[in-house]
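Hi,

Here is the structure I promised to pass on. Have a look at it first, and my notes on what turned up follow below.

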Amino acid sequence: MRQSRDQTIWRWFDFFPVQNRTSIVSLGEGSTPLIHARRLGEKFWLPNLYLKNDTVLPTGSLKDRSNSVGISVAKELGFETAAVISTGNAAASVAAYSAAAGLNSVVMVPAGTAPSKIIQARAYGATVIVVDGDFDYDVAKLYKSAIQEFGWYDCLSSNPYRDEGKKSYAYEMVDQLNGRIPDWVIHPTAGGTGIYAMWKGYKEFLSLAWIDRAPKLVAAQSEAAAPIVTAFDKGLADVIPVVARETVAESIQVGNPVSLGWRALAALRESNGAAVALSDAEILEAQALTGSLAGIFAEPAAATSVAAAKKMRDDRVIGVDDIVVCNLTGHGLKQPEAVRLSEKVLTPIAPTLEALRERIKRTEC
Ligand SMILES: Cc1ncc(COP(=O)(O)O)c(C=O)c1O
């Protein structure tokens, strides 16, 4: 394997659909830590549990892997404006990479998106349009017409250039585990890009004989928006769209993974993988454990991977010696309101040692 000093995803330049290095738009994305989460693993009886910490990516989510490639191509093709609809994370990412590239950006989000995500996209100078309507239908329909009307560069998962970026998960894992291949890689799943692209990345390395086997891939979804899990369980070749219900995992609240759902299903099957749906309670428990036992604050959507690892271990689908990688795809500060604070935490104490002793006595440390 070729070694490079570049620690961004661009060390794998030859695997991406960009013609010239001068077109690269990079904010330093890639080589995110792959952490051996011993304490969390102990809790789940999974000594080989690893967390791929994508919360540290430039805009705090996995979308930077996609948009670094997608916006580089937009620049190469001479577009002036990039656009996307988003449950939040893609909006911030498209906005940031457009800013770095000197492109305008227009992002559409459904009403009810966490203000922190809208603020972030605005901070990067995007034109943010909040649309009163359902993400999968109303916002998507308006977006499609707008792309045609205004000729913007489309940064949705229907853009094949953009999708290539998440292949870097596979490349990095091979590198970071020194050639050892995980038994399972669990990915929080909405549109299906991560599953599809990771599998493509692993297959490229297999065809180059740089590795001799690939992991089983697992799609982790919220029960409230689980069309890929349903299609997988029913043995269907494509997803049947559902109306996504409210879930704490709001970044993956997608009921109609229209362009890549079927490809993600094929990848799950080819890899002998699985698909798991999680309740909000399971997701919040996983988020809390990931924070308190691994030191990583992941947003609820991201913690679905950890919740799935726990569930699959409890069900003995994952064996005790298996190497498991959970992708943590978004930072907890993206959706801080998901962490409930009790009244007691917020009630100030008097500035005395006596009051401090009293509070500590009544608080679990
Ligand atoms: C935090 C987070 N995790 C995971 C995903 C899943 O995306 P995909 O299934 O397209 O890889 C998204 C985006 O939709 C996201 O924002």
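**Pockets first, then the rest**

Five elements each give at least two residues to the lining of the largest pocket: β3 (81–85), α3 (89–101), α5 (135–150), β7 (184–188) and α8 (193–207). Before you read on, please keep in mind that this is a predicted model.

Of the elements around that pocket, α5 has the largest share of the lining, with seven residues. The whole lining comes to 41 residues, and if you want to find the middle of the pocket on screen, go to F135, L156, S157, G191 and V254, which lie nearest its centre. The volume is about 760 Å³. As for chemistry, the lining of this largest pocket is a mix of 17 nonpolar, 16 polar and eight charged residues.

There's a second largest pocket too, with about 340 Å³ of space in it. Its lining is made of 16 residues, and P110, A111, G112, E246 and Q253 are the closest to the centre. Sorted by class, you get six nonpolar, six polar and four charged residues in the lining of this second largest pocket.

Now for the overall picture. The protein has 14 helices and 10 strands. Along the principal axes, its C-alpha atoms fill a box of roughly 65 × 45 × 45 Å. How does the radius of gyration of the protein fit with a compact globule? A compact globule of 365 residues would come out near 21 Å, and the protein has 20 Å, so the two agree.

On the inside, 56% of the 365 residues are buried. Contacts also reach a long way along the chain: take those between residues at least 6 apart in sequence, and 71% of them join residues at least 24 apart. On the outside, the protein exposes about 15800 Å², with 53% of that supplied by carbon and sulfur atoms.

One residue I looked at separately is S66, which sits in helix α2 (residues 63–77). Is S66 buried or exposed? Its relative accessible area is 0%, and buried means under 20%, so S66 counts as buried. Which residues does S66 touch, once its neighbours within four places in sequence are left aside? Those contacts are R162, G165 and K166.

That's what I have for now. Shout if anything is unclear.

Cheers

Conventions:
Residues are numbered from 1 along each chain as its sequence is written. This is a predicted model: local features need pLDDT of at least 70, side-chain atom pairs count only at pLDDT 80 or more; totals for chains, interfaces and linings use all residues. Side-chain values use heavy atoms; hydrogens and water are left out. On a 1 Å grid over the protein atoms alone, a cavity is a set of points where a 1.4 Å probe fits but cannot get out, and a pocket is an open set with protein on both sides within 12 Å along at least five of seven lines; lining residues have an atom within 4 Å of a point. Grid points are joined across faces, edges and corners, and a volume is the space filled by probe spheres set on the points. Helices (H or I, at least four residues) and strands (E, at least two) are DSSP runs, numbered from the N terminus. Ala, Val, Leu, Ile, Met, Phe, Trp, Tyr, Cys and Pro count as nonpolar, Asp, Glu, Lys and Arg as charged, and the others, Gly among them, as polar. The radius of gyration is taken over C-alpha atoms; the globule rule is 2.2 Å times the number of residues to the power 0.38. Buried means under 20% relative accessible area, exposed over 50%, partly exposed in between (1.4 Å probe, protein chains only). Contact means heavy atoms within 4.5 Å. Accessible areas come from the Shrake-Rupley method with a 1.4 Å probe; for residues, only the protein chains shown count as cover.
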